[in-house]
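Here are some short exercises to work through with the model open beside you. Try each task before you read its solution.

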Amino acid sequence: MQAADQLSVLGADAVTTYRRDGYFLAPGLLPADDLAGLRAAVSGILADDSPRRIMERDGTTVRSVYGPHQTDPGVARVCERRELAGAAVELLGESVYIHQSKINVKAAFVGDQWEWHQDYIYWLEDDGIREPHLVNVAVFLDEVNEFNGPLTFVPGSHDEGVLAATDKDGLPLGYEDAPEWVSTLTADEKHRVRHEVIAELAGNSGLVSPKGPAGSVLFFHPNILHASSPNISPFGRTTLIVVYNRISNPATNTTNPRPEFLAARDVTPVVISQP
Ligand code: 6CS
Ligand code: FE
């Protein structure tokens, strides 16, 4: 079993911090050659003119490309690294598979917002994943600073469980003819959290925007409230996010399942590459 024999990646203090705050930042965790390989792969991944690619509301800027671990062998190899998959096993306490991966571009000057939301409600409502035993592992492919639209969290909000969310009817502008699942991926969130709820929680705990150099890895809980503002800076904020899930907690939605590049059905455990 992976969970038993893999060496600790993050350590007990980091795991304690993650459980308390709902996130943990490991500055510079990814080895330099893996980071360089990912950065070199980005332009080819963004050129993929397929349903995996979601554009910003301007219709011309790439917002996200989903499932790069399924299309790019170099990305797949990094996703098996102990710094990512090994850390996920450490946080989840069980063997893991990849539920979803994506490149979020947050392009310089025009990268759009991500409204306040929790991730797990998408994986519960749209994919039928019964428990929040997943972890977002975000690899900074560019430096994240206060200017280029950093991920912003309400620390501790993961302990609130799934907060009241209202489904947004219809598809956002420019996507009127798209499949329904597109509404889970654009700047107009499908599952919203009421502003009064966010104001109360943030009033108590404040907000945090973890920043760090390229190669940093940010781990965050599927129920933590998070958002990011538009990128008004000349600096891109490209991020690879890999969502690891316990193999005992698969997607069960078989009536109208989302595509495999959004919700994997294959729960074969990741074989973690050792140093
Ligand atoms: O629907 C999803 O799976 C995606 N949507 C959002 C808003 N965040 C999580 C995930 O990448
Ligand atoms: Fe999210």
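## Exercise 1: contacts of ligand 1

Find the side chains that make polar contacts (N or O atoms within 3.5 Å) with ligand 1.

Step 1. Start with Q100: an N or O atom of its side chain is 2.8 Å from an oxygen atom of ligand 1.

Step 2. Turn to K102, where a polar side-chain atom lies 2.8 Å from a ligand 1 oxygen.

Step 3. R258 also places a polar side-chain atom 2.8 Å from an oxygen of ligand 1. The protein buries 98% of the 300 Å² that ligand 1 exposes when taken alone (Shrake-Rupley method, 1.4 Å probe).

A note on conventions: this is a predicted model, in which local features need pLDDT of at least 70 and side-chain atom pairs pLDDT 80 or more, while totals for chains, interfaces and linings use all residues. Residues are numbered from 1 along each chain, chains are lettered from A and ligands numbered from 1 as written, and side-chain values use heavy atoms, without hydrogens and water.

## Exercise 2: the iron site

Identify the residues that coordinate the iron ion (ligand 2).

Step 1. Look for donors, meaning N, O and S atoms within 2.8 Å of the metal (3.2 Å for Na, K and Ca); water is not among the atoms, so sites may look incomplete.

Step 2. H117 (NE2), D119 (OD) and H226 (NE2) coordinate the iron ion at 2.0 to 2.2 Å.

Step 3. Their spacing in sequence reads H-x1-D-x106-H.

Technical notes
Polar contact = N/O pair within 3.5 Å; in protein donor to acceptor, adjacent residues only side chain to side chain.
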